Amino acid sequence: MRKPYIAGNWKMNMSPSEGRAYASSLLEAVKDAKADVKMMVAPPFVTIPAVMDVLKDSPIIVAAQNMADHDKGAYTGEVSPLFLIDLGVKTVILGHSERRQYYGETNESINRKILLALSHNMEVVYCVGETLEEREAGKLEEILKAQLEVGLKDVKAEEMGSVVIAYEPVWAIGTGKTATPEDADSAHAFIRKTVESLYSKDIAEKLIIQYGGSVKANNVKALMAKENIDGALVGGASLSVDDFLPILTFDK
Ligand code: PGA
């Protein structure tokens with residue numbers, strides 16, 4: 001049985017003071033609602049300390065949205081995984097489509113980050129997904145396969161317990177267009193099958209695969225009802241407690 005894993009990716013939203021206030025109200029709301037899912041929020045780097053301050057002994061995981069592919073050195077503007085660990089961060093989102101699209105990240109560069117994060121025993125949420133152009137050209141499976149094969153290259157079987165895959169069709173992110181639960185489930189099934197061929201049936205069956213792309217309170221339940229959808233990576237709707245709480249408590 002895979003426990004649902006719901007995550008909020010704040011992207012470049014929420015200053016340290018806004019993040020602190022949000023974290024306090026989310027914590028209160030979650031305590032009352034007793035959400036029975038694994039929960040995570042991913043604030044911007046500079047907002048992490050304020051949010052960690054509030055959530056450190058809580059059931060809500062505080063994650064980073066990215067990290068450097070080196071531990072330290074002359075990499076101006078980058079943030080080391082060691083600095084994140086020093087703040088108590090144990091989870092990192094890697095390979096988000098916005099990082100691929102706007103900052104030139106590739107399956108190869110993301111693979112370096114994945115290997116480094118895992119070497120530090122961090123949990124990785126690895127984002128994959130196709131653009132509209134790729135989907136329309138019939139390349140969905142080819143793209144996902146390459147993202148998985150290259151992104152997970154040299155990741156050992158025993159490290160796969162620390163890897164979560166987030167399937168985010170690029171055309172569904174922030175657009176209000178969600179993949180239908182059926183389309184999302186079939187992409188998830190393909191991801192699981194690919195992971196099985198790269199690793200084993202057991203690893204594939206335990207793999208948590210989140211769906212991301214315009215997840216809202218009104219579509220989360222139908223998505224989560226699908227066999228291969230084990231969670232959600234939520235952008236826009238994670239930015240207010242009123243919107244995020246019903247997603248965290250979707251099964252209530
Ligand atoms: P969205 O973003 O929920 O605003 O579509 C999802 C994501 O990019 O993680």
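1. A good place to start is Lys11. Leaving out residues up to four places away in sequence, Lys11 touches Ala42, Pro44, Gln65, His96, Glu98, Ile173 and Gly235. Please keep in mind throughout that this is a predicted model. Lys11 sits in the loop that joins strand 1 (5-9) to helix 1 (16-33). One of its contacts, Glu98, is 87 residues away along the chain, yet the two C-alpha atoms are separated by 9.3 Å.

2. The loop residue Lys11 also leads us to the largest pocket, which holds about 490 Å³ of space. This pocket is lined by 19 residues, and the closest to its centre are Lys11, Met12, Gln65, Arg99 and Tyr103. Which helix gives the most to this lining? That is helix 4 (residues 97-103), with four residues. By character, the lining of the largest pocket divides into ten nonpolar, five polar and four charged residues.

3. You will find about 230 Å³ of space in the second largest pocket. Its lining has 18 residues, with Arg100, Gly129, Glu134, Ile143 and Gln147 the closest to the centre. Helix 4 turns up again here: together with strand 5 (123-128) and helix 7 (140-151), it is one of the elements that each supply at least two lining residues. The lining of the second largest pocket divides into five nonpolar, nine polar and four charged residues.

4. Now to the interior. The largest nonpolar core has 69 residues, and those with the most contacts inside it are Ile6, Leu26, Ile165, Ile191, Tyr211, Phe244 and Leu248. Helix 1 provides the largest share of this core, six residues. Another core lies apart from it, made of twelve residues that include Tyr5, Ala7, Ala42 and Ala166. Ala42 is a name you have met already, as a contact of Lys11.

5. Two neighbours in sequence, Ile6 and Ala7, are worth viewing together. Beyond residues up to four places away, Ile6 touches Val37, Lys38, Met39, Met40, Gln210, Ala232, Val234, Phe244, Ile247, Leu248 and Phe250. Ala7 lies in strand 1. Is Ala7 buried or exposed? With a relative accessible area of 0%, Ala7 counts as buried, because the cut-off for that is under 20%. Setting aside neighbours within four places in sequence, Ala7 is in contact with Met40, Gln210, Ala232, Leu233, Val234 and Phe244. For a sense of distance, Ala7 and Lys31 are 24 residues apart in sequence and 17 Å apart in space, C-alpha to C-alpha.

6. Phe244, a contact of Ala7, brings us to helix 11 (residues 241-248), where Val241, Phe244, Ile247 and Leu248 are buried. Why do these four lie on the same side of helix 11? They cover an arc of only 130° around the axis, so they share one side. As a general point, an α-helix has 3.6 residues a turn, so residues three or four places apart point the same way. The buried residues of helix 11 pack against strand 1, helix 1, strand 2 (38-42), helix 10 (220-224) and strand 8 (231-234).

7. Two buried residues with polar or charged side chains may also catch your eye. Arg192 lies in helix 8 (residues 181-198) and is buried, with a relative accessible area of 8%. Leaving aside neighbours within four places, Arg192 is in contact with Arg2, Ala204, Glu205, Leu207, Ile209, Asn228 and Asp230. Ser80 lies in the loop between strand 3 (60-64) and helix 3 (81-86), and it too is buried, at 4% relative accessible area. Beyond its neighbours within four places in sequence, Ser80 is in contact with Ala68, His70 and Asp71.

8. Last, a look at backbone angles. Most residues other than glycine have a negative phi. Asn121 has a positive phi, near 60°; its place is in the loop between helix 5 (107-119) and strand 5, and Asn121 is exposed, with a relative accessible area of 67%. Asp154 likewise has a positive phi, of about 70°, although it is not a glycine. Asp154 is found in the loop between helix 7 and strand 6 (163-167), and with a relative accessible area of 54% it is exposed.

Conventions
Residues are numbered from 1 along each chain as its sequence is written. This is a predicted model: local features need pLDDT of at least 70, side-chain atom pairs count only at pLDDT 80 or more; totals for chains, interfaces and linings use all residues. Side-chain values use heavy atoms; hydrogens and water are left out. Contact means heavy atoms within 4.5 Å. On a 1 Å grid over the protein atoms alone, a cavity is a set of points where a 1.4 Å probe fits but cannot get out, and a pocket is an open set with protein on both sides within 12 Å along at least five of seven lines; lining residues have an atom within 4 Å of a point. Grid points are joined across faces, edges and corners, and a volume is the space filled by probe spheres set on the points. Ala, Val, Leu, Ile, Met, Phe, Trp, Tyr, Cys and Pro count as nonpolar, Asp, Glu, Lys and Arg as charged, and the others, Gly among them, as polar. A nonpolar core is a set of buried Ala, Val, Leu, Ile, Met, Phe, Trp, Tyr and Cys residues joined through side-chain atoms within 4.5 Å. Buried means under 20% relative accessible area, exposed over 50%, partly exposed in between (1.4 Å probe, protein chains only). The arc is that of the directions from the helix axis to the C-beta atoms.
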